[in-house]
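Grab a coffee and have the model open beside you. The exercises below go through charged contacts and aromatic rings, each with a worked solution.

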Amino acid sequence: MAATNPAKTLQDELTCPICLEYFKDPVSLDCDHSFCQACITQFWGGFTTDVSCPQCRVTFPQRNLRLNRQLRNIVEAARELRLQTGKEPEPERLCEKHKEPLKLFCKEDEIPICLVCDRSKEHRDHTVIPAEEAAKEFKEKIQTHLKTLREEREKLLGFKMTGEKRSQEYLRKTQTERQKIVSEFQELRQFLEEQERLLLAQLEKLDEEIVKLQNENVSKLSQEISHLSELISELEGKYQKPSGEFLQDDRSTLSRWEKGKFQQPMEISPELEKRLSDFSQKNVALMKTLGKFKDILPAKLEIRRGEPLEAHRQVCVTLDPDTAHPQLILSEDLKSVSGGDTRQRLPNNPGRFDTVYYVLGCEGFTSGRHCWEVEVGGGRFWAVGVARESVRRKGWISRSPEDGIWAVGQWKGQFQALTSPETRLPWRRVPKRIRVCLDCDRGQVTFITAGDKAPIFTFPPGSVPGERIRPWLWVGDKDTWLILYP
């Protein structure tokens, strides 16, 4: 469709979004938006890393300004054209009634008039001045208003830049706190695992000592039982003999029985009993401490215990071909997706992503708890998660909760939770199979490894809005493929 005002469109394209003037030394960012070099430098202030575009809010790890020579040449040509146009003599305006030049200005009627109009009855008693003088007065008034408006604009620009800087500072602080939390919980998990190993080792040692004592007692008791059995057999035989023989060697028989009197088995030593008691007391104290942590961090501990895995219903999900970007290639069973070399000729229906390489699942969920798994293979740019069904399909869409996407993935060489800004996850090796757990009732999404059920990341309760939610995948390069299970 043709532009309604080409001159206005051209002027907008040649105007800096920050100072609203023609570009001066224009530079371009990695997102291809352009600004005056002085304006973007002042906007970023003293920050050298994690800077963002004022127009699209995309964050960059470092400053990277490219001089836009082509845009600079176009701006210079537009300036020269405007100056040349201003130097051309304007056609003389004539009075519609008398066809005479409009060289005078009537202050009462505030209209330009000619010499004949000045002598007419209509303007005879009015204050009339030369048109050039009237134009000069109007220009002075306009200059005064322009000065005021520019001052107000500078104030607003200052407020805008201050607000942007303050927001960046707050975001940087939240990022720092997020990293602290991840680090602290990692240390806490390591501490608990170490305590678990230590306590189990102590119990194993106590078990060995108790078993050893038990084996010694059993061995001694077996010997005593065997000895007593021999004496009983001998006495029973003696008892059956005639009286004459019965009285012979009676003293020797009784003396052997006295010497073979039963010995009591060894009991558990007081030292061992004390060690068992001390261990039990320490264990009770540890359980109380863990009980407090359960109240504070229910989600983390539930994930460790595996309780949500039982509560989430495993569902079979497939990919929706009507939403897939034309660059993506779907399998016939709609269970896997990979990046292609060329853009396919597909109908540009309203539900299809046309700019970013996204695809949605066919299934949508509004209530209950559901889970599915995604296997990751190949490339370095990918993400898995969920998205609102109402997520935008046209134009650029960021991978963040602000645009209705909750996911984890690999980007910029790091395994991240795609929050805003991104949260780096402390994983040395990226999981090859990820389970996505969606709790619609709590508005929560949890990611865990499909193998050992280790927690990866949790978007807290209330993060996901109460509307229809669908599986979501991003394939960022042609070497990446993702497979849905089951």
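## Rings first

Phe457 is buried, with a relative accessible area of 15%. Keep in mind that you're looking at a predicted model.

**Exercise 1.** Work out what kind of aromatic pair Phe457 and Phe459 form, and whether Phe459 is buried or exposed.

*Solution.* Start with the general recipe: an aromatic pair is described by how far apart the ring centres are and by the angle between the planes. Next, get the numbers for Phe457 and Phe459: 5.1 Å centre to centre, with 80 degrees between the planes. An angle over 60 counts as edge-to-face, and that's the label this pair gets. Last, check the cover: Phe459 has a relative accessible area of 4%, so this residue is buried.

**Exercise 2.** Now take Phe447 and Phe459, and find out which geometry their rings have and where the two residues sit.

*Solution.* Out of the 7 aromatic pairs in the structure, this one has ring centres 6.3 Å apart and planes at 70 degrees, so the pair is edge-to-face. Then look at the chain: Phe447 is in strand S19 (residues 444-449) and Phe459 in strand S20 (residues 455-459), which puts them 12 residues apart. Both Phe447 and Phe459 are buried. For a bonus, look for the cluster of Phe353, Tyr358 and Trp472, which ring pairs link together.

## On to the charges

**Exercise 3.** Find the salt bridge between Glu164 and Arg57, and say which of the elements each partner belongs to.

*Solution.* A search of the whole structure turns up 15 salt bridges. In this one, the side chains of Glu164 and Arg57 meet at 2.7 Å, N to O. Glu164 belongs to helix H5 (residues 131-239), while Arg57 is in the loop between strand S3 (51-52) and strand S4 (59-60), so distant parts of the chain, 107 residues apart, are linked. Now for accessibility: Glu164 is at 13%, so Glu164 counts as buried. Arg57, at 43%, is partly exposed.

**Exercise 4.** Which parts of the chain does the salt bridge of Glu137 and Lys107 tie together?

*Solution.* First the contact: the closest N and O atoms of Glu137 and Lys107 are 3.9 Å apart, and the cut-off for a salt bridge is 4 Å. Glu137 lies in helix H5 and Lys107 in the loop between strand S6 (104-106) and strand S7 (111-113), so parts that are 30 residues apart in sequence get tied together. Glu137 is partly exposed at 30% relative accessibility, and Lys107 is partly exposed at 37%.

**Exercise 5.** Do the tracing once more for Arg392 and Asp403: where does each one lie?

*Solution.* The closest N and O atoms of Arg392 and Asp403 are 4.0 Å apart, and the two form a salt bridge. Arg392 and Asp403 each lie in the loop between strand S14 (382-388) and strand S15 (405-411), 11 residues apart in sequence. Arg392 is partly exposed, with a relative accessible area of 42%. Elsewhere, salt bridges with shared partners join Asp320, Glu389, Arg468 and Arg470 into one network.

**Exercise 6.** Which residues form the negative surface patch that includes Glu122?

*Solution.* Besides Glu122, the patch is made up of Glu108, Asp109 and Glu110. To find Glu122, go to the loop between helix H4 (115-119) and strand S8 (128-130). Its relative accessible area is 53%, so Glu122 is exposed.

Definitions and conventions:
Residues are numbered from 1 along each chain as its sequence is written. Side-chain values use heavy atoms; hydrogens and water are left out. Helices (H or I, at least four residues) and strands (E, at least two) are DSSP runs, numbered from the N terminus. Buried means under 20% relative accessible area, exposed over 50%, partly exposed in between (1.4 Å probe, protein chains only). Patches are made of residues with over 30% relative accessible area and no salt bridge: like charges are joined within 9 Å, nonpolar side chains (Val, Leu, Ile, Met, Phe, Trp, Tyr) within 5 Å. Accessible areas come from the Shrake-Rupley method with a 1.4 Å probe; for residues, only the protein chains shown count as cover. Lys and Arg count as positive and Asp and Glu as negative; His and the chain ends are not counted. The place of a charge is taken as NZ of Lys, CZ of Arg, CG of Asp or CD of Glu. Rings of Phe, Tyr and Trp (its six-membered ring) pair if their centres lie within 6.5 Å; planes under 30 degrees apart count as stacked, over 60 as edge-to-face and the rest as tilted.
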